[in-house]
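Reader: Hey, got a minute to go through this one with me? I'd like to poke at the packing first and then jump around a bit.

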Amino acid sequence: MKDNFSSQSNLYAKYRPTYPNELYNFILANCSNFNSAWDCGTGNGQVAGVLAEYFQEVKATDISEQQLKNAIAKQNILYSRQAAEKTNFKNDSFDLITVAQAIHWFNFEEFYKEVERCLKPEGIFAVIGYELFSSNEETNRVIDELYRDLLGPYWDKERYLLEEGYKTIPFPFKEIETPKISLDLNWSFDDLIGYLKTWSAVKHYENDKGVNPVDILSKELRQAYGERGVIHYPILFRLGKLS
């Protein structure tokens with residue numbers, strides 16, 4: 001798994017969007033037991049923090065030590081630095097395993113072996129993410145210029161899996177039909193800029209060119225977006241059980 005986010009873990013913790021209650025409610029409604037959950041690729045622990053309200057214990061893993069240092073702290077969350085594909089967890093440990101906005105970085109075959117090993121027989125596995133957001137028409141035009149024109153060559157090849165809505169990833173589980181869920185946020189301009197600077201391709205561009213590409217379009221983006229606006233995220237969501 002690539003570590004693209006350690007260098008900007010403080011921005012990630014502050015600006016990455018959270019997931020809507022509708023998503024969690026649907027996942028929890030499919031869970032039979034609430035003893036233990038594993039949030040894999042936890043990042044700043046935003047999903048782990050929600051799960052901790054419902055499960056007796058939550059194990060949360062990431063390969064980024066800096067991300068874990070910035071993660072949400074709760075008494076029943078145990079963070080550890082471990083690769084998704086190889087953990088020290090016992091067999092049949094978890095009632096729920098989640099991976100949010102991270103599975104495209106994993107080795108699918110090895111990770112799924114770990115899911116099958118660690119998930120209890122009646123457990124639930126959830127893959128979560130979000131697509132490229134949209135806003136007003138002029139903002140969308142500027143974001144498209146940033147996303148495709150400036151950053152196009154700087155996106156990791158795994159990004160296409162997100163663009164395809166996680167529909168093309170292997171999913172060797174008994175799939176549960178999920179509802180369409182979206183997230184609408186009322187963001188300030190600073191929120192928008194802060195989020196854009198968490199993109200992995202932005203960091204790749206900055207390392208190569210010595211300038212942050214978000215800053216290049218900042219003035220144009222402010223004119224398009226204004227001081228506050230609505231951001232719309234389609235949520236990516238797949239749910240399954242062991243076959």
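Reader: Which helices do the buried residues of helix 9 pack against?

Author: This is a predicted model, to be clear from the start. The buried residues of helix 9 pack against helix 6 (137-150), helix 8 (189-196) and helix 10 (213-216).

Reader: And which residues in helix 9 are buried?

Author: Helix 9 covers residues 200-209, and Ser-200, Ala-201, Val-202 and Tyr-205 are buried there.

Reader: What follows helix 9?

Author: Gly-210 does, and its phi is positive, near 80 degrees. Asn-212 also sits in the loop between helix 9 and helix 10.

Reader: Is that Asn-212 buried or exposed?

Author: Asn-212 counts as buried because its relative accessibility is 8%, and the cut-off for buried is under 20%. Leaving out residues up to four places away in sequence, Asn-212 touches Lys-197, Val-202 and Glu-206. Val-202 is one of the buried residues of helix 9.

Reader: OK, switching to the core. How many residues are in the largest nonpolar core?

Author: The largest nonpolar core has 54 residues. Those with the most contacts inside it are Tyr-19, Ile-27, Phe-133, Tyr-195, Leu-196, Trp-199 and Tyr-233.

Reader: What does Phe-133 touch?

Author: Not counting residues up to four places away in sequence, Phe-133 touches Ile-143, Leu-192, Tyr-195, Leu-196, Trp-199, Ile-231, His-232 and Tyr-233. Apart from the largest core lies another one, of 26 residues, which includes Cys-40, Phe-106, Phe-111 and Tyr-166.

Reader: Cysteines, good. How many disulfides does the structure hold?

Author: The structure holds 0 disulfides.

Reader: Why no bond for Cys-31 or Cys-40?

Author: It comes down to distance. For Cys-31, the closest cysteine sulfur is in Cys-118, 16 Å away, so that is too far for a bond. For Cys-40, the closest cysteine sulfur is also in Cys-118, at 9.5 Å, which is too far for a bond as well. The cut-off for a disulfide is 2.5 Å between the sulfur atoms.

Reader: Are those two buried or exposed?

Author: Cys-31 is buried, with a relative accessible area of 9%. Cys-40 is buried too, at 1%.

Reader: Now pockets. How much space lies in the largest one?

Author: About 340 Å³. Of the 17 residues lining this pocket, the closest to its centre are Gly-165, Lys-167, Ile-235, Leu-236 and Phe-237.

Reader: Which strand gives the largest share of the lining?

Author: Strand 8, with 5 residues. Strand 8 (228-241) and strand 6 (174-176) each supply at least two residues of the lining.

Reader: And how does the lining divide up by residue type?

Author: There are 8 nonpolar, 2 polar and 7 charged residues in the lining.

Reader: Last topic, the prolines. Where is Pro-172?

Author: Pro-172 is in the loop between helix 7 and strand 6. At 38% relative accessibility, Pro-172 counts as partly exposed. Its contacts, not counting residues up to four places away in sequence, are Tyr-112, Glu-116 and Ser-243.

Reader: What about Pro-153, buried or exposed?

Author: Pro-153 is exposed, because its relative accessible area is 68% and the cut-off for exposed is over 50%. Pro-153 lies in the loop between helix 6 and helix 7 (159-163).

Reader: How far apart are Pro-153 and Ala-201 in space?

Author: They are 8.4 Å apart, C-alpha to C-alpha, and 48 residues apart in sequence. That brings us back to helix 9, where Ala-201 is one of the buried residues.

Terms used
Residues numbered from 1 in each chain as written. Predicted model: local features only at pLDDT ≥ 70, side-chain atom pairs only at ≥ 80, totals over all residues. Heavy atoms only, no water. Core = buried A, V, L, I, M, F, W, Y, C linked by side-chain atoms within 4.5 Å. Buried < 20%, exposed > 50% of the residue type's maximum accessible area, 1.4 Å probe, protein only. Contact = heavy atoms within 4.5 Å. 1 Å grid on protein atoms, 1.4 Å probe; cavity = no way out; pocket = protein on both sides within 12 Å on 5 of 7 lines; lining within 4 Å. Points joined across faces, edges and corners; volume = space filled by probe spheres on them. Helix = DSSP H or I, 4+ residues; strand = E, 2+ residues; numbered from the N terminus. Nonpolar A, V, L, I, M, F, W, Y, C, P; charged D, E, K, R; others polar.
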